[in-house]
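Thanks, everyone. Please bring up the model on your screens. I will keep this short.

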Amino acid sequence: QDSQVSDTETITDGHRWPRQNSLSMREWDIPFEELRIGESIGTGRFGTVYRGYWHGDVAIKVFKMDNLNDEKALDQFRIEVSTFRKTRHENLVLFMGACMNPPQLAIVTSLSKGMTLYTHIHLRKDKFNMNKTTIVAQQITQGMGYLHAKGIVHKDLKSKNIFLENGKVVITDFGLFSVTKLCFGNRKSNALGIPAGWLCYLAPEIMRSLKAHQSHDDELPFSEASDVYAFGTVWYELLCGEWPFKGQTPEAIIWQVGKGMKQPLANLQASRDVKVSLCCGVYMYSVNMNSA
Ligand code: ATP
């Protein structure tokens with residue numbers, strides 16, 4: 001039924017929809033006027049997240065758009081949105097729908113009431129004991145394992161995108177990296193901008209693909225393996241309370257990671273168990289890379 005409609009119908013309500021699954025995609029389309037936008041929670045690289053109301057409290061991520069004429073990128077955004085409806089897991093933020101008609105592009109999810117791992121580890125300097133660390137890490141792997149089983153690569157796993165709510169992990173912001181094409185399409189300069197705290201999550205093959213003048217048509221090689229690498233960094237943060245390669249310049253980090261060098265563990269003030277589990281993280285990444 002779905003494919004019958006989608007094969008014949010690409011322009012509806014004045015909007016162009018990708019052929020594939022056009023009917024089911026429209027089920028997830030929320031008219032922007034239906035949202036009640038409240039106070040801003042924070043602004044990231046690609047837009048601002050607001051507290052809002054849509055059949056209850058929600059988080060609304062409104063994208064800063066500057067490339068509204070790029071139909072290909074818009075289609076890609078809509079197709080990605082349609083994959084989020086497949087996600088039902090207690091460690092993943094609940095995707096409720098999206099506003100998919102320019103100029104207002106937004107994603108509506110459940111509102112996380114807890115704090116991010118970033119806030120716990122880097123701002124509040126909370127120390128988790130080994131038991132709690134393991135439980136948190138296990139929940140992250142369960143959510144990520146589920147995403148991978150559904151064929152979704154997170155592409156931006158980091159402690160800022162992991163909430164802790166009464167001991168439960170909730171992962172946000174998965175699979176949205178292609179939106180960057182819509183957000184930065186008309187930038188005057190395409191010089192590589194490196195947001196603080198981003199580099200240490202990038203796997204060697206991604207580091208090696210970064211260019212001084214990165215264009216958004218240059219796809220970065222994100223994969224399940226690069227997600228596993230990013231998880232390794234979160235695991236390091238959980239165990240050590242800081243990021244790997246702390247205090248080093250972006251150039252030094254890119255050079256070392258690109259060459260396959262790892263953060264030395266010799267001087268780390270941590271037990272042998274902790275060091276062994278960090279090495280296991282590196283091993284998991286290599287296994288994923290080799291099977292990719
Ligand atoms: P980046 O753009 O580099 O990923 P970021 O994670 O800070 O940085 P956003 O994802 O745009 O940027 O988030 C902005 C703010 O909104 C952050 O403080 C984030 O913790 C908060 N936030 C995001 N999603 C939710 C949510 N579902 N519930 C509550 N707060 C959220």
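I will go through the pocket, then the ligand, then the cavity.

A caveat first: this is a predicted model.

Start with the open space. How much volume does the largest pocket have? About 1200 Å³. Its lining counts 44 residues. Closest to the pocket centre are Val-49, Lys-61, Lys-160, Asn-161 and Asp-173.

Now the secondary structure around that pocket. Strands β3, β4, β5 and β7 each give two or more residues to the lining, and so much is true of α4, residues 117–123, as well. Which element has the largest share? That is β5, with four residues. By class, the pocket lining splits into 22 nonpolar, 14 polar and eight charged residues.

Next, the ligand. Where does the ligand sit? In the largest pocket. There are 20 residues around the ligand. Nearest are Arg-45, Lys-61, Ser-112, Lys-158 and Asp-173. Two of those names you have heard already: Lys-61 and Asp-173 are also listed among the residues closest to the pocket centre.

On to the polar contacts. Take Ser-112: a polar backbone atom there is 2.8 Å from a ligand nitrogen. Lys-158 works through its side chain, with a polar atom 2.8 Å from a ligand oxygen. For Asp-173, a side-chain N or O atom is 3.0 Å from an oxygen of the ligand. How much of the ligand is covered by protein? On its own, the ligand has 610 Å² of accessible area, and the protein covers 85% of that.

Which strands build the ligand shell? At least two residues each come from β3 (36–43), β4 (47–53), β5 (57–63) and β7 (104–110). In class terms, the shell has six nonpolar, eight polar and six charged residues.

Last, the enclosed space. How many cavities reach 30 Å³ or more? One. Its volume is about 90 Å³. The lining here is 13 residues. Closest to the cavity centre are Lys-155, Asp-156, Tyr-201, Phe-222 and Ala-230. Helix α8, residues 224–240, gives the most to this lining, with three residues. By class, the cavity lining has eight nonpolar residues, one polar and four charged.

To recap: the ligand is in the largest pocket, with 85% of its accessible area covered by the protein. The cavity has a volume of about 90 Å³. Over to you for discussion.

How values were computed
Residues numbered from 1 in each chain as written. Predicted model: local features only at pLDDT ≥ 70, side-chain atom pairs only at ≥ 80, totals over all residues. Heavy atoms only, no water. 1 Å grid on protein atoms, 1.4 Å probe; cavity = no way out; pocket = protein on both sides within 12 Å on 5 of 7 lines; lining within 4 Å. Points joined across faces, edges and corners; volume = space filled by probe spheres on them. Nonpolar A, V, L, I, M, F, W, Y, C, P; charged D, E, K, R; others polar. Near = heavy atom within 4 Å. Polar contact = N/O pair within 3.5 Å; in protein donor to acceptor, adjacent residues only side chain to side chain. Areas by Shrake-Rupley, 256 points an atom, 1.4 Å probe, with all protein chains shown as cover. Sits in = over half its atoms within 2 Å of the grid points.
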